[in-house]
Amino acid sequence: MRSVPDRAAGLLAPEAIRLDARAGGRDGAVRVCGQVLVDVGAVEPGYVDAMLERERSISTYLGEGVAIPHGTSEGRDLIHRDALAFVRFPEGTDWNGSPVTVCIAIAARGDGHMEILAELAQTLMDPDKARELREAADPHRILALLDPQTEEPTDPLQTGQGHSV
């Protein structure tokens, strides 16, 4: 079984990360997230309606200011490829009475989405990791937080590497 870091590494592209989004509430936030998936070519525009339908039947709010919106099973035909989108709402948005600042939208054609959902939920329920995701200023930091296998670029002078005597 692949871990979420393995899956996220291939599903979340830097162009699917938005760090300064705004929405007037849960439905607006879901639309913003869905539009990112549309923009990166992962889904048809109709998938956004499937995401809204899912949210109206079962909330995807996890806690710690995080939600993981995704579509219904019926919406799978509107997915071109599995993908994630990371959208941050720095000012927060009301998710039916709970403040949300981070959404990770999921588009998955197969049954792998349940594994992704479960492992993302476990990862994002870590208060420290959720805080870092809310505060990260760079898409590469977001990728690193969601995929601990990813090494961030480091300055060789700070690490002592590349220093010649």
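Start by selecting Cys103 in this predicted model: the residue counts as buried, at 0% relative accessibility. Now add Cys33, which is buried too, with a relative accessible area of 0%. Show both side chains and look at the sulfurs. Is there a disulfide here, or none? Cys33 is in no disulfide, and the nearest cysteine sulfur, that of Cys103, is 4.0 Å away. Turn the question around and Cys103 is in no disulfide either, with the sulfur of Cys33 as its nearest cysteine sulfur. A disulfide would need the two sulfur atoms within 2.5 Å, so at 4.0 Å this pair does not qualify. For the chain, the count comes to 0 disulfides.

Keep Cys33 on screen and select Met51, one of whose contacts is Cys33. Where does Met51 sit? You will find Met51 in helix 3, which spans residues 47-57. Is Met51 buried or exposed? Its relative accessible area is 0%, so Met51 is buried.

Next, display what surrounds Met51. Leaving aside neighbours within four places in sequence, Met51 is in contact with these residues:

- Val30, Cys33, Gly34 and Leu37
- Pro69, His70 and Gly71
- Ala105

Draw a distance between the C-alpha atoms of Met51 and Pro69: they are separated by 6.4 Å, although the two residues are 18 apart along the chain.

Switch to a cartoon view and move to the strands. Select strand 5, residues 98-107, together with strand 4. These two pair in the antiparallel sense over 9 bridges. Zoom in on Trp95, which stands opposite Ser98 in strand 5. The hairpin of strand 4 and strand 5 has 2 residues between the strands, and Asn96 takes a positive phi near 55° there.

Now bring in strand 1, residues 12-18. Which way does strand 1 run against strand 4, parallel or antiparallel? Strand 1 and strand 4 (residues 83-95) pair in the parallel sense, over 3 bridges. To find your place along this pair, pick Arg18, which stands opposite Val87 in strand 4.

Finally, zoom out to the chain. Its secondary structure comes to 7 helices and 5 strands, and from the N terminus on the elements run α-β-α-α-β-β-β-β-α-α-α-α. Colour by accessibility and you can pick out the buried residues, which make up 46% of the 165 in the chain. Among contacts with a separation of 6 or more, 68% come from residues 24 or more positions apart. With the surface switched on, you are looking at about 8,300 Å² of accessible area, of which 48% belongs to carbon and sulfur atoms.

Technical notes: Residues are numbered from 1 along each chain as its sequence is written. This is a predicted model: local features need pLDDT of at least 70, side-chain atom pairs count only at pLDDT 80 or more; totals for chains, interfaces and linings use all residues. Side-chain values use heavy atoms; hydrogens and water are left out. Helices (H or I, at least four residues) and strands (E, at least two) are DSSP runs, numbered from the N terminus. Buried means under 20% relative accessible area, exposed over 50%, partly exposed in between (1.4 Å probe, protein chains only). Contact means heavy atoms within 4.5 Å. Two strands pair if DSSP finds at least two bridges between them. Accessible areas come from the Shrake-Rupley method with a 1.4 Å probe; for residues, only the protein chains shown count as cover.
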